[in-house]
Amino acid sequence: MMARPRRSRAGGPSSRDQPATGRGPGDKGASSGPGGVPPGRVRAAPSHLVTVLAGLREPIVVILLIIGFMSWISGKPLDGLLILLAGVSLAWDAGRRSRQAVPAEAGPARASPAEADPAEASPAEAGSAAAGPAAREDGVPMATAAAHPPASVTAAGSAPGAPPAPAAAGRAGGPLAVRRWRRPALSAAWLAAGVLYAVVVGSFSRYSWPATVPVAGLGAAVVAIGWRSPRHARPAPARPPAAGLALWGLVFVAGCLWELWSLLEQPNLATSSYAHPTISTLTDPVLSTWAGRSVVLAGWLGLGWFLVER
Amino acid sequence: MNSHDATVLGYLVILLAGIVLQLLATRTRAPIPPLGKVIAWAMGTRTRRVGILVAWAWVGLHFFAR
């Protein structure tokens, strides 16, 4: 990984610019870490367990681990194992970057505890607005997305206030015309593929291997794509108002707690209850038919597409 | 109203609360962000983005996979 030059604080913390290895240019630049201990020595032998524990500060990691644990004890070991694996990997990744950020952030330039937060939220929320989308990703340069702009960027207009003039189109000649029809064609192809996927996978009975393989494969592929980098390079959105976030959080938590309460009211975790149905129990009649499974799968695909496009 | 009805009603109330929040966000000047903006903000860092995508994958696994 190439080490990029350090930015000033105004440009946002550059914890993600640190190399992935334990020792790197960050060690060379500073003579000593906090307390006079050389940072290279501090980072020389990070315990993987401590790294994972450091990643548990991320709420989403804790949520994933809870989901994985509940799935495991509810008779869905494959679900549980995969989610636990993803949660631990994410915790390790977040903890690793957090630990790398500590020596880089420590020093006389530290301005406030908020800025010293080694979590990754700060670059996306504060830094990238000033430093641009390239500063936003976790050690994955966004230059790839910039070098190969997505169809949405190229087709929607290259600059605000400068609509694609016919003269420009004429100068551009073929490539621009190709781009104009390529995007709808690509969208139509993706749509057709999605419908085909929903119909074919929906034809398999639930919890069968033919249904498991395509669902698990697609899920893994999407997570891998999301892990690497976002599909579109765009400035990070501003943090929404805290009150609004709290209200959405309240609805989300209420839904989770209601589902959990229903689950715990069952005779046991693997046996559904009519008196206290979970969402899974309520959707069983719909998912017992081919059409119902296909519609739900289409909705799942649409939601995944929506998330990937964010 | 039996336990089944009360449980289903609870889900509906929560769903309705979400719909009301979305309507308030899009139809009024209340300081409530639309759900899309909340998700876009949440997807702004790798940890949250991957976490949300894993949760999405889990939904598919939970309903269809072994």
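Student: Why is B:Val50 called buried?

Tutor: B:Val50 has 28 other C-beta atoms within 10 Å. A residue is buried if 20 or more other C-beta atoms lie within 10 Å of its own, exposed if 12 or fewer, and partly exposed in between, with the C-beta atoms placed from the backbone. B:Val50 is therefore on the buried side of that cut-off. One caution before we go on: this is a predicted model, in which local features need pLDDT of at least 70 and side-chain atom pairs count only at pLDDT 80 or more, while totals for chains, interfaces and linings use all residues. As for names, residues are numbered from 1 along each chain as its sequence is written, and chains are lettered from A and ligands numbered from 1 in the order in which they are written.

Student: Where does B:Val50 lie, and what does B:Val50 touch?

Tutor: B:Val50 belongs to helix α3 of chain B. Leaving out residues up to four places away in sequence, B:Val50 touches A:Leu90, A:Val223, A:Gly226 and A:Trp227. Touching, or being in contact, means that the C-beta atoms, placed from the backbone, lie within 7 Å. Helices here are DSSP runs of H or I with at least four residues, strands are runs of E with at least two, and both are numbered from the N terminus.

Student: How many helices and strands does that give for chain A?

Tutor: Chain A comes out with 14 helices and zero strands. Chain B has three helices and zero strands. Buried residues account for 26% of the 310 residues in chain A, and for 41% of the 66 residues in chain B.

Student: How many residues does each chain bring to the contact?

Tutor: Chain A brings 59 residues and chain B brings 43 residues. On the chain A side, the split is 40 nonpolar, ten polar and nine charged. Ala, Val, Leu, Ile, Met, Phe, Trp, Tyr, Cys and Pro count as nonpolar, Asp, Glu, Lys and Arg as charged, and the others, Gly among them, as polar.

Student: What makes α14(A) roughly antiparallel to α3(B)?

Tutor: Look at the angle: α14(A) and α3(B) pack at about 170°, with their axes 10 Å apart. Angles under 35 degrees count as roughly parallel, over 145 as roughly antiparallel, 65 to 115 as roughly perpendicular and the rest as oblique. So α14(A) is roughly antiparallel to α3(B). The axes are lines fitted to C-alpha atoms, for helices over the stretch in contact, and angles run from 0 to 180 degrees between N-to-C directions. In this pair, A:Val296, A:Trp300, A:Leu303, A:Gly304 and A:Leu307 meet B:Ile52, B:Leu53, B:Trp56, B:Val59, B:Gly60 and B:Phe63. Those residues divide into nine nonpolar, two polar and no charged.

Student: And why are α10(A) and α14(A) called oblique to each other?

Tutor: The axes of α10(A), residues 174–203, and α14(A) come within 8 Å and cross at roughly 140°. That angle fits none of the named ranges, and therefore the pair is oblique. The crossing is right-handed; a crossing is left-handed if the near helix is turned anticlockwise from the far one by less than a right angle, and right-handed if clockwise. The residues in this contact split into nine nonpolar, four polar and one charged.

Student: Which residues have the most contacts inside the largest nonpolar core?

Tutor: A:Leu64, B:Leu53, B:Val54, B:Ala57 and B:Leu61, in a core of 33 residues. A nonpolar core is a set of buried Ala, Val, Leu, Ile, Met, Phe, Trp, Tyr and Cys residues joined through C-beta atoms within 7 Å. The largest share of this core, ten residues, is from α3(B). A second, separate core of eight residues includes A:Leu247, A:Val251, B:Val38 and B:Trp41.

Student: How do you know that A:Tyr207 counts as partly exposed?

Tutor: A:Tyr207 has 13 C-beta neighbours inside 10 Å, so the count falls in the in-between class. A:Tyr207 sits in the loop between α10 and α11 of chain A, and its phi is near 65°, a positive value in a residue other than glycine.

Student: What about A:Pro214: buried, exposed or partly exposed?

Tutor: Partly exposed, because A:Pro214 has 17 other C-beta atoms within 10 Å. A:Pro214 is in helix α11 of chain A. From A:Pro214 to A:Tyr197 is 17 residues in sequence and 8.7 Å in space, C-alpha to C-alpha.

Key
Two residues are in contact if their C-beta atoms, placed from the backbone, lie within 7 Å.
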